[in-house]
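This report looks at helices and at nonpolar packing in one protein model. Please keep the sequence and the coordinates at hand while reading.

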Amino acid sequence: MKQTVFFMTSIALMSGIYGCNPKNEKLQYPVAEKQNVTDDYFGTVVPDPYRWMEDDTTATVANWVAAENSITTAWLDRIPFRDRLKQRLTELTDYEKLGMPFKKHGKYYYYRNDGLQNQSVLYVKETLDGEASVLLDPNKFSDDGTVALSGISFSNDGKYLAYTISRSGSDWKEIYVMDLSTKQLTSDHIQWAKFTDAQWRKDGFYYSAYDAPEEGKEFSDINENHKIYYHKLGTGQDDDVLVYENKAYPKRFYSAWVDDGETLLFVFESGEGRGNDLFMKDLRSPEAAFMRLTEDFDYEYGPVEVIGRDVYFYTNYGAPKYRLMKTTVDKPELKHWTDVVPESENVLNNVSFIGGKLVLTYIKDASDHAYVYSLDGKRESEVALPTFGSVSFSGDKDDKETFYLFTSFTFPSTIYKYDLDNNKSEKYLAPDVKFNADDFVTEQVFYPSKDGTQIPMFITYKKGLQRDGRNPVYLYAYGGFNISLFPSFSTWRIPFLENGGIYAQANLRGGGEYGEEWHIAGTKMQKQNVFDDFIAAAEYLIKENYTTNKKICIAGGSNGGLLVGAVVNQRPELFGAALPAVGVMDMLRYHKFTIGWNWASDYGTSEDNLEMFECLYGYSPLHTIKNDGTPYPAIFVTTADHDDRVVPAHSFKYTATLQAAETGDAPKLIRIETKAGHGAGKPISKIIEEYTDVYSFAMYNLGMKPEF
């Protein structure tokens, strides 16, 4: 079938249709050809007129992308405060950012960004107070900062550093090895690795990879036949030894973990359900076979430490809010595991072994609380944190020196040195961000969803704000895949807050804030709970006189992009603007691209059964766009050309459908970034440009007139 796209707009035409006020202009969008493509789902015929957009390597799609970016750029260029907003965001971003120090083989390492470097640099020190030198500078990987350092792994003898890079934001990884004595690269180079790091053993490492994909399909085809290999230093990738594969299940993931003593190799098998299966091999016995330790994919099973002959596991098996268990190397099967720290009323979120102690982080009402335990599971003390927020620890099981990083909405990431024995924290490094945190306040509220479930939400705003029903709101959420949203700092929100805006973050069902039951309550046939929770958040903000419907902008990315698209279709009158980013918008075909099949544990698929199809079809953002003249809010879609997590075709098809529908005069635009992916590793320069556009669009369509 011939694929052609007819564009009604051109650069010359666009310059004529825009006045000084883009909000009041009738946009003429590029018109994409509608083809006669349909699918039959259990007797229901579903049109898919923009199926051709799924092949995003064609010239036809490239032309459509160029036309859409042109009209979007022209529209954004008319916003009077956009340049000043970019200047303010640049100023806010231009501060020294330091990562937590971590100790390896007697030396200290940390990441640092001097302010506007595209990528943070890895430094090394001989002593904590000594002079630092550059170990690895990712800014030298490429001229434009689009090649990112995505992970590091030190060999257990301290001689080598394996590191992974990502190009243009892709999930594909390449592995390189540095000789730490000379800081020179070895000849080792691994390609087509994915969802992996390097797990060292002796003079090599384990890693996971796929076969090389078909040229031109690297960022869209289904990922199949994940395998674990062992690479010996100094050899070519073709000589790597296949360690583990499961040909019976080509769509599963397989990853390796080796303890520091290099005695045990664990293999995680996942992608079937909400959890993973777990296997173990005793590396001290060359002929030993892999032992299956668990029996299902319904729970998460993860080894976290090996001490002597004891193996510790973090799991939600029989414990929806997670627990810490252990067994011995001689009896590693699940039936032999016993509790070290049983499940409690709050979610156990993280386990660290530091200085002969356990440091455990729990989630209480979407905020972190940290405690020190003895190795036999007795609580000894609580780490006093500044306010509600999120915390992460750095330290080694044999070294009492530890640090933690704390952050909250108006509390920039600050590093503390922590004395385990005396339970004392000392501020070690605090950033100098060019804003006054004391000007703002954060409160936590609980509001009822449609079915009466109480949902927590954080609300941050400038002190003195009047609840007069006229304040602009940026409402953000995610609601899926057992992922919890915590209080965290972002410079991108500051100009919005400084100019009278409210930032609200809702902790919806589908996330992990209250454990696996909270997660399941927002999955598959219960996915509507997530949308109801988000809609109820907006209704609460209106009811409590924080704002009004035309002053609410909703935002979310990935699964959160799906959230935004779905609730706009269900309640278009409730919002003034919407920002779906890298969203899963085609719920009938999401599982046919890259790793989309892996999301079926949360979503189900359109091919499962009639009931599941009807559920997905009933909320799929692409398929539920109204086309009857119902006014929609202003919508700004964002995606990227190298997104091989949620392929850009989701956003392309959604935008084309939205622009072709009768949804009123508010703008429906898309911004397609080049040489970028799902978000990770994006250079600072691109991030500043993107957030300038996103917040310009939001603030303008909420009627704000910011001053900078």
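The text below treats two helices and then the nonpolar cores. The model is a predicted one.

## Two helices

| Helix | Residues | Number of residues | End-to-end C-alpha distance | Expected span |
|---|---|---|---|---|
| α6 | 528-543 | 16 | 22 Å | 22 Å |
| α11 | 684-701 | 18 | 25 Å | 26 Å |

For helix α11, a rise of 1.5 Å a residue predicts a span of 26 Å, and the 25 Å between its end C-alpha atoms agrees with that value. Because 15 of the 18 residues of α11 are buried, the helix is largely enclosed by the rest of the structure. Gly703, which follows α11, has a positive phi near 80 degrees.

Helix α6 reaches 22 Å from its first C-alpha to its last, close to the expected value, and it is mostly covered, with twelve of its 16 residues buried. Among these buried residues are Phe531, Phe534, Ile535, Tyr540 and Leu541, and the polar Asn529 together with Asp532 and Asp533 also belongs to the buried set. Just after α6, Asn545 adopts a positive phi of about 70 degrees.

## Nonpolar cores

The largest nonpolar core has 75 residues, of which Met457, Leu475 and Ile554 touch the most other members. Helix α6 supplies the largest share of this core, namely nine residues. Leaving aside residues up to four places away in sequence, the contacts of Leu475 include Phe534, Ala537, Ala538 and Leu541, and these four are listed among the buried residues of α6. Leu475 also touches Met457 and Ile554. Apart from this core lies another, of 42 residues, which includes Leu92, Phe409, Phe440 and Tyr503.

Definitions and conventions: Residues numbered from 1 in each chain as written. Predicted model: local features only at pLDDT ≥ 70, side-chain atom pairs only at ≥ 80, totals over all residues. Heavy atoms only, no water. Helix = DSSP H or I, 4+ residues; strand = E, 2+ residues; numbered from the N terminus. Expected span 1.5 Å × (residues − 1). Buried < 20%, exposed > 50% of the residue type's maximum accessible area, 1.4 Å probe, protein only. Core = buried A, V, L, I, M, F, W, Y, C linked by side-chain atoms within 4.5 Å. Contact = heavy atoms within 4.5 Å.
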